[in-house]
Amino acid sequence: MRRAKPIKAIIAACCIVAVALSGVTAASAQAPKKPPAKVTVNDFYFAPTAVTIRKGRAVKWVWSSYNTYPHDVHLKQGPKALKNKSRFSTTTTAVTDAHFQRTFEVPGTYKFICTVHPSEMKMTVTVKK
Ligand SMILES: [Cu+2]
């Protein structure tokens, strides 16, 4: 059995290469970034009404194509540490075909309303550290 040795050596070499390659793959793979948490803006309600995310993640509000009334997204109350609060409010209303996305870097509780329907349309975004 003179051939046994070279075959074993080749198998061993293959294993080493496979381990090395898998190591390279694992090292170069980046942690997948979570997609934005989606909130739909509907006639007279946000869905869902409560969203919890980790800081660094975004929330995307998408206006429903079934809407027949105008709505906006307005930050009524945010964390004290939050600067530039107005960035978290839309500047116009929309009925359909609109979206609004913001990334949340400051942990805390964010209370949003629609200024057209402030008593009906409310939602909360909780940002964890
Ligand atoms: Cu509204």
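**Entry 1: β3**

I started with β3, where the side chains alternate: Val-51 and Ile-53 point to one face and are buried, while Ala-50, Thr-52 and Arg-54 point to the other and are not. That fits the general rule that side chains in a regular strand alternate between the two faces of the sheet. I note here that I am working with a predicted model.

Next I looked for the partner of β3. I found β8, running parallel to β3 and joined to it by five bridges. Within that pairing, Val-51 stands opposite Val-125 of β8.

**Entry 2: the sheet around β3**

I followed the pairing outward from there. The open sheet has four strands in the order β3-β8-β7-β5, and its pairing is mixed. β3 and β5 are the edge strands, each pairing on one side only. I also checked the twist: neighbouring strands here are turned by 30 degrees against each other on average, direction ignored.

At the β5 end, I found three bridges between β5 and β7, and these two run antiparallel. His-74 has Ile-113 in β7 as its bridge partner.

**Entry 3: the other sheet**

I then stepped back to the whole chain. The protein has one helix and eight strands, and read along the sequence the pattern is α-β-β-β-β-β-β-β-β.

I looked up another open sheet, also mixed in its pairing, with four strands in the order β2-β1-β4-β6. β2 (45-47) and β6 (99-103) are at its edges with a single partner strand each, so one side of each has no neighbour in the sheet. The twist from one strand to the next averages 20 degrees.

In this sheet I looked at β1 and β4, which pair in the parallel sense over five bridges. Val-41 has Trp-63 in β4 as its bridge partner.

**Entry 4: the core**

Which residues have the most contacts inside the largest nonpolar core? I got Phe-46, Val-59, Trp-61, Phe-104, Tyr-110, Phe-112 and Val-125, in a core of 25 residues. β1 (37-42), β3 (50-54), β4, β7 and β8 are the elements that give two or more residues to this core. As a general point, nonpolar side chains in soluble globular proteins tend to be buried together.

I took Phe-112 as an example and listed its contacts, leaving out residues up to four places away in sequence. Among them are Trp-61, Phe-104 and Val-125, along with Val-73, His-74, Leu-75, Phe-88 and Met-121.

For the chain as a whole, 30% of the 129 residues count as buried. Of the contacts with a separation of 6 or more, 59% are between residues 24 or more positions apart.

**Entry 5: the copper site**

Met-121, in that list of Phe-112 contacts, took me to the metal. Which protein atoms are the donors of the copper ion? They are His-71 (ND1), Cys-114 (SG), His-117 (ND1) and Met-121 (SD), lying 2.0 to 2.6 Å from the ion.

I checked the geometry as well: the angles among the four donor atoms are 85 to 132 degrees, and the site is tetrahedral. Along the chain, the donors follow the spacing H-x42-C-x2-H-x3-M.

The pair His-71 and His-117 links distant parts of the chain, 46 residues apart. His-71 is in the loop between β4 (58-63) and β5 (74-77), and His-117 is in the loop between β7 (108-113) and β8 (122-128). Last, I looked up whether these two histidines are buried or exposed. Both His-71 and His-117 turned out to be buried.

Definitions and conventions: Residues numbered from 1 in each chain as written. Predicted model: local features only at pLDDT ≥ 70, side-chain atom pairs only at ≥ 80, totals over all residues. Heavy atoms only, no water. Donors = N, O, S within 2.8 Å, 3.2 Å for Na, K, Ca; no water. Tetrahedral: all angles 85-135°; square planar, octahedral: opposite > 155°, others 65-115°. Buried < 20%, exposed > 50% of the residue type's maximum accessible area, 1.4 Å probe, protein only. Core = buried A, V, L, I, M, F, W, Y, C linked by side-chain atoms within 4.5 Å. Contact = heavy atoms within 4.5 Å. Pairing = 2+ DSSP bridges. Axes fitted to C-alpha atoms, helices over the stretch in contact; angles between N-to-C directions.
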